[in-house]
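Me: Could you walk me through this structure, strand by strand? I would like to see how the pieces fit together.

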Amino acid sequence: MKKMSKTLAHTLAALLACGAMSVHAADKVVFQLDWVPGGDKSAIYAAINQGFFKAEGLEVTLQSGRGSSDAITKLASGSADVGVGGIAALMTAVAENKAPVKAIMSIYAKEPDALFTVKGSSIKGIKDVVGKTVATATFSSSNALWPVMLKRQGIDPDSVKLLKVDPTTLAPMLAQGKVDATINWITVGPGYEAVLAQAGKTLEILPWSNYGLDGYGWSMMASDKMIQERPEVLKRVVKAMRKAFDYAIANPDAAAADLKAMVPEIDAKKAAAEFRSSIPLIQNEVSAKDGIGVFEPVLLKTTWEWVAQSMNYPVDKLDPETLVDRRFLP
Amino acid sequence: MGTLKHYADRFAPLLAFVGVLLAWEAACRLFAIPAFVLPAPSAVIASTTEIGAGRWVQHLLATVQIALIGYLVAILLALPLAVMITHSRLLSRTLLPWLIIIQSTPIVAIAPIIVVTLGAGMLPRVVITTLIAFFPLVIATATGLASVPDELLELSRSLRASRSREYWQIRMPYAVPHIFSALKVAITLAVIGAVVAEFVAAEVGLGYLILFATSTFKVPMAFAALTLLVACSLLLYGVIVLAQRLLCPWSLGKEAGQ
């Protein structure tokens, strides 16, 4: 009986999906960002401005966030339906509070964390950080991974002086030589280049994925409520987002223009550069092997192992498979 | 000589302001201070053209709207609370600890919780603004209402004046100067409250713009937004001063002309 009603619901949902294109009112979806608008999020703005959501019968409202954990809290508390954020933050949120949120599509198949330094500095590789001063944002998700990454490279984390500061002070401190390196996501590189240029310096990026850091990063998520109550709407959101990412990867400048059209404060040129720097995180050997958006079980497990180790959780504290819902991928 | 002094008196604040701006600009140029440390006034002015005037107005109105609504709610809450506190010792002993708890809680720290509880709309922003602005209003009004000389209260009671007449005709006039001082403090707090709220959750507004600009290293734009915010606070403060002068000129007392 239950099965039959489920089939019925699916048929009904499919019918509704067809209907939504023409006659039905658009489905309203609140889309939670993990930070203020920026170039790395160009694809999401393209999805709205290019009408990819509209074509799926969706009316999407964007809501800016203040960090991955903030975005996940908004999803868990029901003030947003879908969102983006680091999957490591989701893993922590579920391990700590059983947050009712699932990852539904991977965006970055590589971790975006990196060490930023200036060209010509004494830091040429990760081993050179011994005895140096490195600054990081106080609430950065990279902070937990940092000591684990160093240990796996045979470096004592205590041999590096780590300063925790407000994120807005990182680039100026690096430019003024107050610190030897900073910890950032590689997607913010273009902004740092602009600041460093004012001090006559050039940016050098050492991605942690070159030093053994493996796993999924930025991901699309949905609340359990959305997954249970409106699965077919969610499927269309994912479909539109896939289209939007394809579009943005093929036309970064046009996607940045879409962002600029909706957020006038944006510097379109810098936004395009930021999106370009995120493309290798989306399209790489991992996505070539498994396909874009996929959560491949082994890499998902590796991602969890990194998080577990950095948060001092027992590895069996949770099964990473319970954090993802793959049904919404095309 | 007299006229010179008169002019000096009149233009000294303006001259000081221009002097500081010039010194600031000169320091930035002379020591080649990079914009990410301290942008020169000229760079701040130039940054205002990065977005259109319409967008600036949109940001400004969003913040002013939240500040004013929060301010009005704070007034509507504070006045009855102050009357209750003056009216009954029991209520005063029950309510005051709560007011002090609310006031001594860093609203900045609990703002994200308020947003999560109340959703991402306008409501949490108004609540945050109200929480930050209402305390001085309650305390000042209560102090004012209690500052009436006992003889006057005894006189009104001996003439069998009703409680509402006691409040409106005897206590209120004594409280008005206190209330207006608190209104002036609270309007600047309301602007700060609106900005705090926008830091936590907003898509538009000067607080949002400052957060956006600093997180994308557009420091000159952040300074421009800050300047607009300060100007807005000064203007709102001026409006309260003007309102006091027009509505209750007698309450100005010795501070008249300020």
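Me: In what order do the 5 strands of the open sheet in chain A run?
Reply: Happy to help, and please keep in mind that this is a predicted model. The sheet is open and its pairing is mixed. Read across, the order in chain A is β7-β6-β8-β5-β9.

Me: Which strands are the edge strands of that sheet?
Reply: An edge strand here pairs on one side only. In chain A that description fits residues 161-165 and residues 203-207. The edge strands are therefore β7 and β9 of chain A.

Me: By how many degrees are neighbouring strands of this sheet turned against each other on average?
Reply: Direction is ignored for this angle, so parallel and antiparallel neighbours can be treated alike. The average turn is 30 degrees.

Me: Is strand β8 of chain A largely enclosed or not, and how many of its residues are buried?
Reply: Buried means under 20% relative accessible area. From β8(A), A:A181, A:I183 and A:W185 point one way, while A:T182 and A:N184 point the other way, and all are buried. The strand, residues 181-185, is largely enclosed by the rest of the structure because the buried count is 5 of the 5 residues.

Me: In which sense does strand β5 of chain A pair with β8(A)?
Reply: Strand β5 covers residues 113-118 and is joined to β8(A) over 4 bridges. Within this pairing, A:A114 stands opposite A:N184. The sense is antiparallel.

Me: And how many bridges join strand β6 of chain A to β8(A)?
Reply: β6(A), residues 133-137, runs parallel to β8(A). A:A135 is opposite A:T182, and A:V134 is opposite A:A181. The number of bridges is 2.

Me: Which strands of chain A does helix α8 lie across?
Reply: This helix spans residues 189-198 of chain A. Its direction makes an angle of about 150 degrees with β9(A). The strands that α8 lies across are β5, β8 and β9.

Me: Over how many bridges do strands β1 and β2 of chain A pair?
Reply: β1 (residues 27-32) and β2 (residues 58-63) pair in the parallel sense, with A:F31 opposite A:L62. β1(A) also pairs in the parallel sense with β3 (residues 82-86) over 2 bridges, where A:Q32 has A:G83 as its bridge partner. For β1 and β2, the count is 6 bridges.

Me: What does the UniProt annotation say about residues 60-240 of chain B?
Reply: In the model, this span is 88% helix and 0% strand. Its end C-alpha atoms lie 19 Å apart. The annotation, from an unreviewed entry, reads "domain: ABC transmembrane type-1".

Note on methods. Residues numbered from 1 in each chain as written. Chains lettered and ligands numbered in written order. Predicted model: local features only at pLDDT ≥ 70, side-chain atom pairs only at ≥ 80, totals over all residues. Heavy atoms only, no water. UniProt positions renumbered as here; feature names shortened; annotations may be inferred. Buried < 20%, exposed > 50% of the residue type's maximum accessible area, 1.4 Å probe, protein only. Axes fitted to C-alpha atoms, helices over the stretch in contact; angles between N-to-C directions. Contact = heavy atoms within 4.5 Å.
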